[in-house]
Amino acid sequence: TTLLGHFLDCAGIPFEKRPSLYWRWAIIVFVILFISILSMSFVPSIAILVIAFGEYWRLNQKSFKRAEAFERDYTAFLLSLGSAIRTGLDPIVALTQAVGLFQKSSVLREELEVLKEKIDKGIPEERALSEFAGTINHPDVKLFRTAFILSRKHGSSISHCLERLV
C-alpha cells in the first residue's frame, strides 16, 4: 500500500469511506485555489496548508486512539494466549481462537479476525503473522510478531516470551 493508504489504515478509515474523503480534500483544494485565482492573491492558498495540517493531526489522533484501544486488550490477550499454549494448544490455533475472547468492537479482535482470515485463505503463516496488527502504532507489537515467528520457525515455546511482554 501507499504511505497515505497505510496512514489511513492506522487511523482506522475503512476503504469504503476513502473515496468520499479524497473527494472532500479535492473539493476543498479546488475551492481555495479558485478563490486564490479570483482574488489574485496567494494568501487563501495558505488555508490549504492549515487544512492539511488539521487533517494530518486529526488522523494522527485517530491512529493514537486505535493504538490505545488495542493496548486495553493486549495484556489480557498475551496472558490468555500464554495460558492456552502452556496447556498444549498449538500457538496458531490459540491465536486464532483468541478472537472469541474480545468484544466485537475491540480493535484487537479486528486484527485477530484479519489474521484468521489470511490464514484461512492460505496465505503463508509467516507472512500472515508478520502482517498481524500492522496498522497499530504500538511498540510491542513488532516484538510480539518477531517472537512468535521465531518460535514457530525453531519450534521453541513462546509462553515465556509472552510473560515478559506482559
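Phe70, Tyr74, Phe77, Phe102, Phe132, Phe144 and Phe148 come together in one aromatic cluster. The model is a predicted one, in which local features need pLDDT of at least 70 and side-chain atom pairs count only at pLDDT 80 or more, while totals for chains, interfaces and linings use all residues. Residues are numbered from 1 along each chain as its sequence is written, and side-chain values use heavy atoms, with hydrogens and water left out.

Ten aromatic pairs occur in the structure, where rings of Phe, Tyr and Trp (its six-membered ring) pair if their centres lie within 6.5 Å, and planes under 30 degrees apart count as stacked, over 60 as edge-to-face and the rest as tilted. Two of these pairs are listed here.

| Pair | Centre to centre | Angle between planes | Arrangement |
|---|---|---|---|
| Phe7 and Tyr56 | 5.4 Å | 10 degrees | stacked |
| Phe77 and Phe132 | 6.3 Å | 40 degrees | tilted |

The stacked pair links distant parts of the chain, with Phe7 in helix α1 (residues 3-10) and Tyr56 in helix α3 (residues 46-86), 49 residues apart; helices (H or I, at least four residues) are DSSP runs, numbered from the N terminus. Tyr56 counts as partly exposed because its relative accessibility is 45%, given that buried means under 20% relative accessible area, exposed over 50% and partly exposed in between (1.4 Å probe, protein chains only).

The tilted pair also links distant parts of the chain, since Phe77 lies in helix α3 and Phe132 in the loop between α6 (125-130) and α7 (139-154), 55 residues apart. Both Phe77 and Phe132 are buried.

Ser159 belongs to helix α8 (residues 159-165), and it counts as buried because its relative accessibility is 4%.

Key:
Helices (H or I, at least four residues) and strands (E, at least two) are DSSP runs, numbered from the N terminus.
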